[in-house]
Amino acid sequence: MARPESNSLINDRNSMVLTFKDMDPILVSKQVLVDNSSVFAFIILECYQSEHDMTDFTPNVVELFLTVIKDKKVEQIEESVFKDLHHISTVFDVKWLIKSCRDWLLEKINNVVEINYDSMFFLFEECFYIHEKWGVTRLMETLILKVRFRDNSQFLSRYIGDNYDQLSNDQLKFLLYLAGCSPKVFLEFILERINSQEHLDDRTKYLLQKINLSLCLEKHDQLYNEVSERLSEMGLKLTNRATTEADYRKKVPFPISEAAAFARPPTDLSSSYREGYIEEWNPLHMCNDLDQITSSVTKGQIRSMYSVIEILLSRARCIYYIETEEFVERLERLCDVKPLQKVSKQYIDMHISALNYSNDQLERQWIEVLEMIRDSEKLSSAYDNIHFIEAEDVTNSVVVQHPVFKHVFKVKHPGVTDCIKDENCGFIIQRRVIHHNGSCTNYENYRLFRGDDTYVNSEVHLHDVIKPEDINFYNVKRGNMRDGKTLLTHSELAIGLLGVSHWEKAKPCVDLNIRDWLVARF
């Protein structure tokens with residue numbers, strides 16, 4: 001790169017002049033720019049320009065950018081230049097450099113061992129900037145999943161205190177997710193704010209609307225009651241969002257003092273058996289169109305978006321296609337009255353990645369449906385579920401010619417904070433393979449073992465916070481694609497269309513719903 005004389009720019013058809021305000025211009029090869037940047041390729045090849053204004057960037061950043069694209073590699077990115085380098089590479093659409101920058105940030109997130117303020121401040125700020133500026137949330141999701149169950153209270157307390165008046169609702173949302181299942185920081189901060197106010201400011205009101213009041217009451221009842229009393233003095237009354245279903249439908253608020261009765265609603269244990277495959281009514285195999293799916297949601301026969309996804313992918317060739325937006329909007333409206341367990345965004349991404357390998361038009365339609373569900377905050381979440389694979393797989397016995405399998409999962413539930421037992425926390429699922437009469441297809445049903453006798457000689461013990469309706473159990477298959485990539489999928493539709501000759505069975509997986517134990521309520 002050369003700096004031509006400011007009063008006499010070199011007229012070279014092979015060079016591009018990058019100009020700055022009150023600074024000498026920079027001369028750079030057009031070919032280097034065209035080879036790396038689709039934006040510069042358009043400016044040079046389509047618009048026939050030989051000069052471009054770079055006043056939005058400092059000369060130092062531009063020189064670093066030009067050096068990197070000329071060398072075609074990034075040796076090391078410093079924190080001080082990351083934002084500017086990522087910004088300029090995104091503006092000019094240098095795809096390999098964008099990926100290098102984001103991979104570098106992901107590596108820093110994955111390498112977090114101890115949480116200190118400076119490192120967390122950098123990671124949170126950069127992830128949020130990329131989310132806000134470019135609409136890329138994956139980095140923020142990775143950060144939250146990495147640190148939400150660690151002690152990040154010092155970071156949260158200082159960051160909120162130092163920046164509160166400038167925080168957007170989006171930032172507050174991610175901070176609530178970062179808190180995991182520890183609401184104390186937010187309760188203390190809310191109390192501090194309202195003690196010095198005569199009227200609620202918008203940010204504090206937003207926190208009160210989005211925080212999990214049931215969890216606050218269970219974990220910090222004294223702080224909770226202090227907040228309630230202070231709000232009463234201000235002429236306000238909190239309403240708890242974890243109401244009974246009837247109260248939810250009627251939209252009837254109730255005082256904070258009544259919240260304890262609804263902190264953990266009684267569990268319907270009938271869902272511990274998924275025997276629907278051989279019952280008279282089985283929504284998983286009798287929903288032949290999208291109207292029947294929404295009808296089953298209304299009747300309470302489908303209570304999870306995981307079930308909706310399973311129906312869509314197992315019955316896709318039987319379901320008559322209707323407008324995607326209409327179907328998703330109907331599900332969202334139903335959730336306002338009868339909330340469904342949200343499906344994990346990562347779970348949807350697994351299916352989309354598999355379906356993207358097919359050129360079948362049917363696949364294109366269902367990818368569109370899955371993408372709309374993934375983008376809906378009412379139907380999917382990146383944070384409400386914990387994903388893990390089984391610890392062991394043991395065939396126990398054969399009962400009435402049906403194989404019975406025991407699947408042991410080790411998991412530390414965030415609602416369990418004082419376990420002193422030696423063995424691991426976890427649970428055991430029974431999977432029974434059933435041959436359906438009149439059909440050549442084998443079906444499976446699952447049961448969560450709850451009796452203490454089952455766990456006597458096991459590596460795990462069960463806590464009452466583990467509920468059957470919070471567990472989504474599924475088997476994943478692994479296939480090797482023509483391009484050398486390894487693909488994971490749970491979708492029989494994808495397996496049938498991708499043309500993979502051999503699928504290997506991976507270990508069974510569980511997505512455990514922990515929504516009631518998270519500070520954030522979205």
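Here are some worked exercises on the predicted model shown above.

**Exercise 1. Work out how strand S1 is paired and which strands stand at the edges of its sheet.**

Let's start with the hairpin. S1 (residues 15-20) pairs with strand S2 (residues 23-29) in the antiparallel sense, over five bridges. Two residues sit between S1 and S2, and Asp22 in that turn has a positive phi of about 60°. To check the register, look at Ser15, whose bridge partner in S2 is Ser29; Met16 stands opposite Val28.

Next, look for the other partner of S1. That's strand S3 (residues 51-53), which pairs with S1 in the parallel sense over three bridges. Here Thr19 has Asp53 as its bridge partner.

Now put the strands in order: S2-S1-S3, an open sheet of three strands with mixed pairing. S2 and S3 are the edges, each with a single partner strand, so one side of each has no neighbour in the sheet. From one strand to the next, the twist averages 25°.

**Exercise 2. Find which helices pack on this sheet, and say whether the residues of S1 are buried or exposed.**

Begin with the helices. Helix H2 (residues 38-46) packs on the sheet and touches S1 and S3, with its direction at about 110° to that of S1. Helix H3 (residues 59-71) packs on the sheet too, touching S1 and S2, and its direction makes about 10° with that of S2.

Then go through S1 itself. Ser15, Val17 and Thr19 point one way, while Met16, Leu18 and Phe20 point the other way, and all are buried. That makes six of six residues buried, so S1 is mostly covered.

**Exercise 3. Describe the sheet that contains S12 and S16.**

First take the pair: S12 and strand S16 (residues 509-513) run antiparallel, joined over four bridges. Within that pair, Ile471 stands opposite Leu512 of S16.

Then add the third strand. The order is S6-S16-S12, in an open sheet with antiparallel pairing. Strand S6 (385-389) and strand S12 (471-474) are the edge strands, each pairing on one side only. Ignoring direction, neighbouring strands here are turned by 15° against each other on average.

**Exercise 4. Decide whether Thr90 and Gln341 are buried or exposed, and list what each is in contact with beyond its neighbours within four places in sequence.**

Take Thr90, found in helix H4 (residues 79-91). Its relative accessibility is 15%, and because the cut-off for buried is under 20%, Thr90 counts as buried. Its contacts beyond those neighbours are Ile98, Arg102 and Trp134. As for Trp134, it is 44 residues from Thr90 in sequence, but their C-alpha atoms are 8.6 Å apart.

Now Gln341, which lies in a loop between helix H18 (324-335) and strand S4 (343-344). With a relative accessible area of 11%, Gln341 is buried by the same cut-off of under 20%. Its contacts beyond those neighbours are Arg303, Ser304, Met305, Tyr306, Asn385, Glu469, Asp470 and Asn513.

**Exercise 5. Say how many cavities of 30 Å³ or more there are, and what lines the largest cavity.**

Count first: there is one cavity of 30 Å³ or more. The largest cavity holds about 40 Å³ of space.

Then list the lining: Val411, His413, Val416, Cys425, Gly426, His461, Leu462, His463 and Ile466. Sorted by type, that gives five nonpolar residues, four polar and no charged.

Conventions. Residues are numbered from 1 along each chain as its sequence is written. This is a predicted model: local features need pLDDT of at least 70, side-chain atom pairs count only at pLDDT 80 or more; totals for chains, interfaces and linings use all residues. Side-chain values use heavy atoms; hydrogens and water are left out. On a 1 Å grid over the protein atoms alone, a cavity is a set of points where a 1.4 Å probe fits but cannot get out, and a pocket is an open set with protein on both sides within 12 Å along at least five of seven lines; lining residues have an atom within 4 Å of a point. Grid points are joined across faces, edges and corners, and a volume is the space filled by probe spheres set on the points. Ala, Val, Leu, Ile, Met, Phe, Trp, Tyr, Cys and Pro count as nonpolar, Asp, Glu, Lys and Arg as charged, and the others, Gly among them, as polar. Buried means under 20% relative accessible area, exposed over 50%, partly exposed in between (1.4 Å probe, protein chains only). Contact means heavy atoms within 4.5 Å. Two strands pair if DSSP finds at least two bridges between them. Axes are lines fitted to C-alpha atoms, for helices over the stretch in contact, and angles run from 0 to 180 degrees between N-to-C directions.
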